[in-house]
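Welcome! Open your viewer, get ready to select and color, and let's take a walk through a protein chain together.

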Amino acid sequence: WLDSKLSSVAPDTYLILDCPGQVELYTADSNMKVFIPGPPALTLENFLHLQEIIDHLSSRDVRLTCVNLVDSHHCSDAGKFVSICLTSLTSMLQIALPHVNLLSKVVLKQANVPIILLLLPQVDLVEKYGKLQFSLDYYTDVLDLEYLIDTFPEDNFTKKYKLLNEALTGLISDYSLVNFVPVTVKSKERLLAASQVIDKAN
């Protein structure tokens with residue numbers, strides 16, 4: 001079924017396989033199954049391992065890139081940002097494909113101060129998530145993560161895990177694979193830049 005559909009599309013067509021959003025499927029399980037609709041209806045034969053789909057498409061000379069979309073509001077919290085960096089890194093290692101991480105819903109307000117864009121009406125962006133601790137480039141390039149450790153809350157719970165947080169940031173930095181491309185549907189330029197990065201990746 002998949003082959004017949006692929007044969008009917010032009011060679012320069014973009015194909016998007018929209019996978020489930022549960023990150024655990026890509027960070028902890030290498031046997032994630034994807035439903036391929038087609039006759040007969042819902043049967044076990046319609047479920048394929050993601051790696052099977054990747055291998056099959058690669059054998060047909062389909063250029064593949066894994067695009068990981070991450071919500072930028074995680075940047076406003078140091079712990080959450082370390083977490084998305086770690087899950088992005090794990091996904092990159094689990095899915096053996098060229099990988100592009102997109103940081104969504106980013107807008108630039110006065111003096112290039114990055115503010116998180118909320119898709120909610122009448123919400124003060126600064127009050128909701130606040131200004132970022134560092135420039136947008138710091139979060140997109142994922143450099144010098146040790147500086148994030150100093151921005152963690154000073155409560156007893158966080159202090160208890162300071163060494164763990166230092167080890168996690170060190171792990172991400174040691175691999176030096178994770179970075180993010182900022183995008184927003186409000187900017188055609190940013191969307192075009194993201195598509196160019198994805199084109200180059202494969």
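How many helices and strands are there in the chain? Switch on the cartoon view: the chain has ten helices and seven strands. Helices (H or I, at least four residues) and strands (E, at least two) are DSSP runs, numbered from the N terminus. Two notes before we go on: this is a predicted model, in which local features need pLDDT of at least 70 and side-chain atom pairs count only at pLDDT 80 or more, while totals for chains, interfaces and linings use all residues. Residues are numbered from 1 along each chain as its sequence is written, and side-chain values use heavy atoms, leaving out hydrogens and water.

**Stop 1: the whole chain**

Show the surface. About 13000 Å² is exposed, with 55% of it supplied by carbon and sulfur atoms; such areas come from the Shrake-Rupley method with a 1.4 Å probe, and for residues only the protein chains shown count as cover. Of the 202 residues, 33% count as buried, meaning under 20% relative accessible area (1.4 Å probe, protein chains only).

**Stop 2: the nonpolar cores**

Now select F81, V142, L145, L148 and F180. These have the most contacts inside the largest nonpolar core, which has 23 residues. A nonpolar core is a set of buried Ala, Val, Leu, Ile, Met, Phe, Trp, Tyr and Cys residues joined through side-chain atoms within 4.5 Å. Color α4 (78–94), α6 (136–141) and α7 (146–149): each supplies at least two residues of this core. The largest share, seven residues, comes from α4.

Zoom in on L148. Leaving aside residues up to four places away in sequence, L148 touches A78, F81, V82, F134 and Y138; a contact means heavy atoms within 4.5 Å. Apart from the largest core lies another one of ten residues, including Y26, I53, I54 and C66.

**Stop 3: two crossing helices**

Keep α4 and add helix α9 (residues 162–175). Their axes come within 10 Å and cross at roughly 45 degrees. Because that angle is neither under 35, over 145 nor from 65 to 115 degrees, α4 counts as oblique to α9. Show side chains where they meet: V82, C85, L86, L89 and L93 in α4 face contacts with L168, T169, L171, I172 and Y175 in α9.

**Stop 4: one serine**

Finally, select S88, found in helix α4. Is S88 buried or exposed? S88 counts as buried because its relative accessibility is 1%. Not counting residues up to four places away in sequence, S88 touches N68, V70, H99, N101, V178 and F180.

Methods. Buried means under 20% relative accessible area, exposed over 50%, partly exposed in between (1.4 Å probe, protein chains only). Axes are lines fitted to C-alpha atoms, for helices over the stretch in contact, and angles run from 0 to 180 degrees between N-to-C directions.
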